[in-house]
Amino acid sequence: MSEAREVLETSEAQIAVHWKEEEYVYPPATFIAQANMTDPGIYERFSLERFPECFKEYADLLDWDQYWHTTLDTSDAPCWKWFVGGKLNASYNCVDRHLAKGKNKAALIFVPEPEDEPHRVVTYQDLYVQVNEVAALLQDYAGLKAGDRVTIHMPMVPELPVTMLACARLGVIHSVVFAGFSGRACGERIADSGSRVLISMDGYYRNGTLLDHKVKADEALQVAAQEGQAVEKVLVWRRFRGQYVSQAPMREGRDAFMDELLPKYRGQRVAPVSMPAEAPLFLMYTSGTTGRPKGCQHSTGGYLAYVTATAKYVLDIHPEDVYWCMADIGWITGHSYIVYGPLALGTASVLYEGVPTYPDAGRPWRIAEQLGVDIFHTAPTSIRMLRKAGPEEPKKYNYRFKLMVTVGEPIEPDVWRWYHEVVGKGQAVIVDTWWQTETGGFLCSTMPALHPMKPGSAGPAMPGIHPVIYDEEGQEIPPGAGKAGNICIRNPWPGAFQTIWGDRERYVSTYYAKYCKNKDSKDWRDWPYFTGDGAFQAADGYYRILGRVDDVINVAGHRLGTKELESAALTVEEVAEAAVVPVVDELKGRAPDMYVSLKPGYAPSKAIEEKVIQAIETIIGKIARPKHVYIVPDMPKTRSGKIMRRVLAAISNTMDVGDVTTLANPEVVEEVRRMVQGERAVATQEGPEDIRRFGEER
Ligand code: WTA
């Protein structure tokens, strides 16, 4: 690679940015020649002067039953309403409207994890039939109607998007919970959303093992009941028709197999319910600063318009493409960019059941070769894993990507280059898309045929998205200042979530309070959206995202709230105090390090460490397993008794702990340091920005 340029540095050490600017990499002419978006005028059309009417261009990609009268209604600020007066149905837009021209075309291609099990193609006609039959069942057997909530706890199988679309057909609000989450985590989400129905599955393959999944449903129901939510029906899909692979008993009168119920609804059609644009389409729970997960509520019209347009222009999806996103549908990336965006565009979306490296690191490239995948979408954590396990593997396979996506965490320029040169064979365009569960779709990314790429940078803001970087005092940090700050968005956009389910106050205080200019204002200009990410804008306008500025740790692209982990550890009888900090991890980006102190009378032991790990796995799920559990004699604390997580983060990452003399117990810092790093003082490192800022008082 060519020589790198040096970025400016300021003297304000804690927020100065110290990395090398990377050289631009240009998209190939063959890509540009076929791209959906080649008109640089789009940025002008979506300028702030044209806001909010510019977004009509996105909404016009959908079929509306009734056109809207108000593009943006701000009367209930900051709960924005888009396309008010408009009516549409999401399942109609993702399924029915493609039948005339493409009923015989693949909609979903399911790749089971066992390599000898053949892949399964679901055409748009198949999808239409299945969505209708499942909708008929949900309506008739489960008594569901528009506005009801349903929790779906399912793995990566085609029955998952079918179930989601069946809900959407009825106007039922789905809340999909990632299959890797524990039964308890699922139960809390059932209770919070007020679901009377849980849709689950008996089992699925993960890393060569057929996992029992239905057991989690029973635990989930118990937890939901404790929280006051009764679940009347559990609908269970089966991985193999007619064969039950779970050990959990089916409860008479409550549990039923989908494959046994469905024949009754064969051939039934359900008219798509025409929903108001601002009716909620789904809830997606995500972690935040306090213990309880937040149910981000997404709209029907605004959300679908935004994901359809961004999938078309940024992912460059054409109906003829074979598009594969390796994310899980249980996360927002899967909702927006496996299910809703790609299907609204009538393309073929690949669903892979298992882990990328099963049975070996060549698997993704074999899948790509066999199915003719030409758009590939994944996260840095998988790229790092695949590089480590098989750096030369992609060369052995004859596939060709035109576009590749990275999402979920910052990507190191070095990892970016392997992705570009080896996976993309130097020919694929890369888009580094920065966004969040809350934002519905992309906020920053290069437009692939319009902008050069810059390794490690997400790129400029999307059309119609107008970011601003504020310092702690609310002063704007201009591009090229060499300083990082809190990245916010000045304006609302159609993909943004509407509120936190049942907790408007938390919605306002988490996302809008910090930089709000006037709490009584109905003018969107007074309500910048606070993303919770630190970022830096280079002189060329490209944004580089540094990571979370709150108590959220991004582990392998999954958001974990430190408070959730800490409360899980505190359920262990012996544990008196718990503190979680992020530690740099070669593959996962960041991993959680857990520090605990014990109640009087207990001595540290391996068994207690094990109990802490167990508690976290049962309460949250295996994804939250800490990298280390350290049982410390005491937590470093301020004189007012606050645990100094910043100091623990410095110790975990062999960074300078700074001045600790004002602590209530400075001597404990050295004791803990020795326990973590060993006797000899380790050379101190500066550490990455998010870790340097972690645990700071804000
Ligand atoms: C981080 C996933 C750097 C960021 C879509 C954000 C990224 C959080 C990128 C949201 C990226 C996402 N570069 N960081 N391209 N994309 N992030 O809600 O910290 O699971 O706030 O949504 O992931 O995670 P979430």
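What volume does the largest cavity have? About 70 Å³, in what is a predicted model. Local features here need pLDDT of at least 70 and side-chain atom pairs count only at pLDDT 80 or more, while totals for chains, interfaces and linings use all residues. Residues are numbered from 1 along each chain as its sequence is written, and side-chain values use heavy atoms, leaving out hydrogens and water.

**View 1. Cavities in the whole structure.** The search turns up 6 cavities of 30 Å³ or more. A cavity is a set of points on a 1 Å grid over the protein atoms alone where a 1.4 Å probe fits but cannot get out; its volume is the space filled by probe spheres set on points joined across faces, edges and corners.

**View 2. Lining of the largest cavity.** Trp80, Trp82 and Trp493 are among the lining residues (an atom within 4 Å of a point), and so are Glu278 and Phe497. The lining splits into 6 nonpolar, 3 polar and 1 charged (Asp, Glu, Lys and Arg count as charged; Ala, Val, Leu, Ile, Met, Phe, Trp, Tyr, Cys and Pro as nonpolar; the others as polar).

**View 3. Around the ligand.** Asp432, Thr433, Thr437, Asp533 and Arg559 come nearest among 17 surrounding residues (a heavy atom within 4 Å). That shell divides into 6 nonpolar, 6 polar and 5 charged.

**View 4. Polar contacts with the ligand.** Counting N or O pairs within 3.5 Å, a polar side-chain atom of Asp432 sits 2.7 Å from a ligand nitrogen. Ligand oxygen atoms pair with the side chains of Arg559 at 2.7 Å and Asn554 at 3.3 Å.

Terms used
On a 1 Å grid over the protein atoms alone, a cavity is a set of points where a 1.4 Å probe fits but cannot get out, and a pocket is an open set with protein on both sides within 12 Å along at least five of seven lines; lining residues have an atom within 4 Å of a point. A polar contact is a pair of N or O atoms within 3.5 Å; within protein, one must be able to donate a hydrogen and the other to accept it, and residues adjacent in sequence count only if both atoms are side-chain atoms.
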